[in-house]
Amino acid sequence: LKGRVLEAPPGAAVAMPNLAAKSGGGKVLMVSSLDAEHPGDNVIDGKDGTYWISTGLFPQELLLELGTSAIVTSIKLSTTNVKTMRIEGCGEGQLGAACFKPLLEDTELDHKAGGLQFSELKLKAQDEPISYVKVQILSGWVDFCSVHAVSVE
């Protein structure tokens with residue numbers, strides 16, 4: 001298949017791969033809150049019953065390394081009690097505070113009174129492939145929040 005472009009049949013839905021998935025080489029490099037029972041890796045493990053939980057102060061951050069560098073178009077999140085968030089990205093080999101550029105400006109999520117918030121958010125266009133994604137939780141509806149899943153496409 002080297003050098004060939006694979007195309008789906010006309011009218012077929014094409015599933016985009018989750019570039020952050022642990023099964024695809026994605027990694028959680030850093031989380032701002034540590035809870036041994038709910039580690040950051042839970043957000044990319046593909047399991048429904050696992051999650052990462054904050055320890056109460058804001059802002060909170062998760063730094064993800066994608067399994068493959070790519071131009072990303074959206075991020076899907078499953079969270080609880082997240083009020084406002086921002087997404088930033090950084091190119092391959094550039095990891096450092098100065099390299100991160102906004103992919104999604106401050107966005108408020110719907111209040112679900114402790115229930116799961118499912119969000120699919122469109123990201124800004126990029127000039128170069130992204131290797132790292134920073135999920136910043138700027139505020140919560142209550143003191144604690146959780147992130148159950150992150151999918152970057």
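Tutor: Before we start, strands here are DSSP runs of E, at least two residues each, numbered from the N terminus. Keep in mind too that this is a predicted model.

Student: Okay, so where does threonine 107 lie?
Tutor: Leaving aside neighbours within four places in sequence, threonine 107 is in contact with Lys83, Thr84, Met85 and Leu121. As for its own element, threonine 107 belongs to strand β6.

Student: Which backbone oxygen does the side chain of threonine 107 reach?
Tutor: Polar contacts here are N or O pairs within 3.5 Å. The threonine 107 side chain has a partner at 2.8 Å, and that is the backbone oxygen of glutamate 105.

Student: Let's zoom out to the sheet with β6. What is the order of its five strands?
Tutor: This is an open sheet with antiparallel pairing. β1 (27–31) and β6 (101–108) each have a single partner strand, so they stand at the edges, with one side of each left without a neighbour in the sheet. On average, neighbouring strands are turned by 20° against each other, direction ignored. Reading across, you get β1-β3-β8-β5-β6.

Student: Which residue of β3 is the bridge partner of valine 28?
Tutor: β1 and β3 (residues 60–70) pair in the antiparallel sense, over four bridges. Opposite valine 28, the partner in β3 is leucine 64.

Student: And the sheet of four strands: what's its order?
Tutor: It's open as well, with antiparallel pairing. β2 (52–53) and β7 (117–122) are the edge strands, because each has a single partner strand there. That gives the order β2-β9-β4-β7.

Student: Which residue of β7 stands opposite lysine 76?
Tutor: β4 and β7 run antiparallel and are joined by six bridges. In one of the β7 pairings, threonine 79 has glutamine 117 as its bridge partner. For lysine 76, the residue opposite is glutamate 120.

Student: What about leucine 77, which residue of β9 does that one stand opposite?
Tutor: Six bridges also join β4 to β9, again antiparallel. Leucine 77 faces valine 150.

Student: How many of the seven residues of β4 are buried?
Tutor: Buried means under 20% relative accessible area. β4 is largely enclosed by the rest of the structure, because the number of its residues that pass is six.

Student: Which residues touch the most other members of the largest nonpolar core?
Tutor: That core has 30 residues, with at least two supplied by each of β1, β3, β4 (74–80), β5 (82–90), β6, β8 (130–140) and β9 (146–152). A separate core of five residues includes Leu63, Cys90, Phe100 and Tyr132. Isoleucine 87 touches, among others, Ile75, Leu103, Leu123 and Val133, not counting residues up to four places away in sequence. Topping the list in the largest core are Val43, Ile75 and Ile87.

Student: Which cysteine is joined to cysteine 90 by a disulfide?
Tutor: The structure holds one disulfide, and its S to S distance is 1.8 Å, which fits because the cut-off is 2.5 Å. The link is left-handed, with -115° about the S-S bond. Both ends count as buried because their relative accessible areas, 1% for cysteine 90 and 10% for its partner, are under 20%. That partner is cysteine 99.

Student: How far apart in space are serine 54 and cysteine 145, C-alpha to C-alpha?
Tutor: Serine 54 sits in the loop between β2 and β3. At 3% relative accessible area, serine 54 is buried, and so is cysteine 145, at 1%. Serine 54 touches Ser33, Gln60, Asp143, Phe144 and Cys145, sequence neighbours up to four places away not counted. Although 91 residues separate serine 54 and cysteine 145 in sequence, their C-alpha distance is 5.6 Å.

Student: Any odd backbone geometry? Which proline is joined to phenylalanine 58 by a cis peptide bond?
Tutor: Omega of this bond is about 5°. The proline is found in the loop between β2 and β3, and it is proline 59.

Student: Is asparagine 81 buried or exposed?
Tutor: Asparagine 81 lies in the loop between β4 and β5, and its phi is positive, near 60°, in a residue other than glycine. Its relative accessibility is 15%, so the label is buried.

Student: And alanine 113, buried or exposed?
Tutor: Alanine 113 is in the loop between β6 and β7 and has a positive phi of about 50° although it is not a glycine. Exposed requires over 50% relative accessible area. Alanine 113 is at 66%, so it counts as exposed.

Note on methods
Residues numbered from 1 in each chain as written. Predicted model: local features only at pLDDT ≥ 70, side-chain atom pairs only at ≥ 80, totals over all residues. Heavy atoms only, no water. Buried < 20%, exposed > 50% of the residue type's maximum accessible area, 1.4 Å probe, protein only. Pairing = 2+ DSSP bridges. Axes fitted to C-alpha atoms, helices over the stretch in contact; angles between N-to-C directions. Core = buried A, V, L, I, M, F, W, Y, C linked by side-chain atoms within 4.5 Å. Contact = heavy atoms within 4.5 Å. Polar contact = N/O pair within 3.5 Å; in protein donor to acceptor, adjacent residues only side chain to side chain.
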